[in-house]
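Colleague: I am new to this structure and would like to understand one part of it properly. Please pick a single element, look at it closely, and then show me what surrounds it.

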Amino acid sequence: MSTNGSGFKVLVIDDSNTIRRSAEIFLKQGGHEVLLAEDGYDALSKVNDHKPQLIFCDILMPRLDGYQTCAIIKRNAHFTHVPVVMLSSKDGVFDKARGRMVGSQDYLTKPFTKEQLLQAVQQFGAASQAAA
C-alpha cells in the first residue's frame with residue numbers, strides 16, 4: 001500500500017498476457033499496487049494471500065471462468081465487500097446481467113483505455129475502503 005493513501009491494491013485476472021500487461025502498466029501509472037493472475041485458480045490463492053481492495057476479472061478463461069471466480073470470491077465472508085469489475089471483449093446485456101448476478105459491481109469492455117481502468121479503480125476502490 002502506498003504511503004500517501006491514494007493507491008489501491010488491485011488484482012487483475014485475465015488469461016491474456018497482453019491484457020494483464022497493459023492493465024499493470026496503466027494501474028502502476030495511476031499509483032496502484034498490482035497483482036496479476038492468469039486464471040481463476042491462480043486468482044483465488046492470490047485473493048487469499050494478498051487481500052486486494054479491487055479485482056478486475058476476465059469472463060472467458062479456461063478451467064474456471066470469470067463468473068465462477070467472482071461467485072467464489074463473493075461467497076467468502078472476508079471478501080464479500082471487495083468490488084469485482086468484469087472484463088469482456090463482448091459488450092452484451094446478458095453478460096452484464098450475469099455478472100451482476102454473481103456479485104460484480106461493474107463491467108468493462110476490452111480493449112479498455114487507461115482512463116476507463118483508472119476511473120473504475122477510483123470509483124470502486126473508494127467504496128471498498130469505506131466498506132472495510
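**A strand and its surroundings**

Modeller: Let me begin with one residue, Val85, whose bridge partner in strand 5 is Asp106. Residues are numbered from 1 along each chain as its sequence is written, and side-chain values use heavy atoms, with hydrogens and water left out. The model is a predicted one, in which local features need pLDDT of at least 70 and side-chain atom pairs count only at pLDDT 80 or more, while totals for chains, interfaces and linings use all residues.

The element to look at is strand 4, which covers residues 84-88 (helices, H or I with at least four residues, and strands, E with at least two, are DSSP runs numbered from the N terminus). Strand 4 is mostly covered, since 5 of its 5 residues are buried (buried means under 20% relative accessible area, exposed over 50% and partly exposed in between, with a 1.4 Å probe and protein chains only). In a regular strand the side chains alternate between the two faces of the sheet. In strand 4, Val84, Met86 and Ser88 point one way while Val85 and Leu87 point the other way, and all are buried.

Strand 4 pairs in the parallel sense with strand 5 over 4 bridges, and it pairs in the parallel sense with strand 3 (residues 54-58), again over 4 bridges (two strands pair if DSSP finds at least two bridges between them). Val85 takes part here too, being the strand 4 bridge partner of Phe56. From strand 3 the chain crosses through helix 3 (residues 66-75) to strand 4, and this β-α-β crossover is right-handed (with the strands pointing away from the viewer, the path from the first strand over the helix to the second runs clockwise). On the way onward, strand 4, helix 4 (residues 93-101) and strand 5 make a right-handed β-α-β unit.

Strand 3 and helix 3 lead naturally to the cysteines. A search of the whole structure finds 0 disulfides (a disulfide is a pair of cysteine sulfur atoms within 2.5 Å). Cys57 is in no disulfide, and the nearest cysteine sulfur, that of Cys70, is 6.6 Å away. Cys57 is buried at a relative accessible area of 1%, and Cys70 is likewise buried, with a relative accessible area of 1%.

Beyond strand 5 (106-109), the chain enters the loop that precedes helix 5 (114-131), and Phe112 lies in that loop. The count of aromatic pairs comes to 1 (rings of Phe, Tyr and Trp, the last by its six-membered ring, pair if their centres lie within 6.5 Å; planes under 30 degrees apart are stacked, over 60 edge-to-face and the rest tilted). The rings of Phe26 and Phe112 have centres 6.5 Å apart and planes at 70 degrees, so the pair is edge-to-face. Because Phe26 lies in helix 1 and Phe112 in the loop between strand 5 and helix 5, the pair ties together parts that are 86 residues apart in sequence. Both Phe26 and Phe112 are buried. Pro111, found in the loop between strand 5 and helix 5 as well, counts as exposed at 74% relative accessibility.
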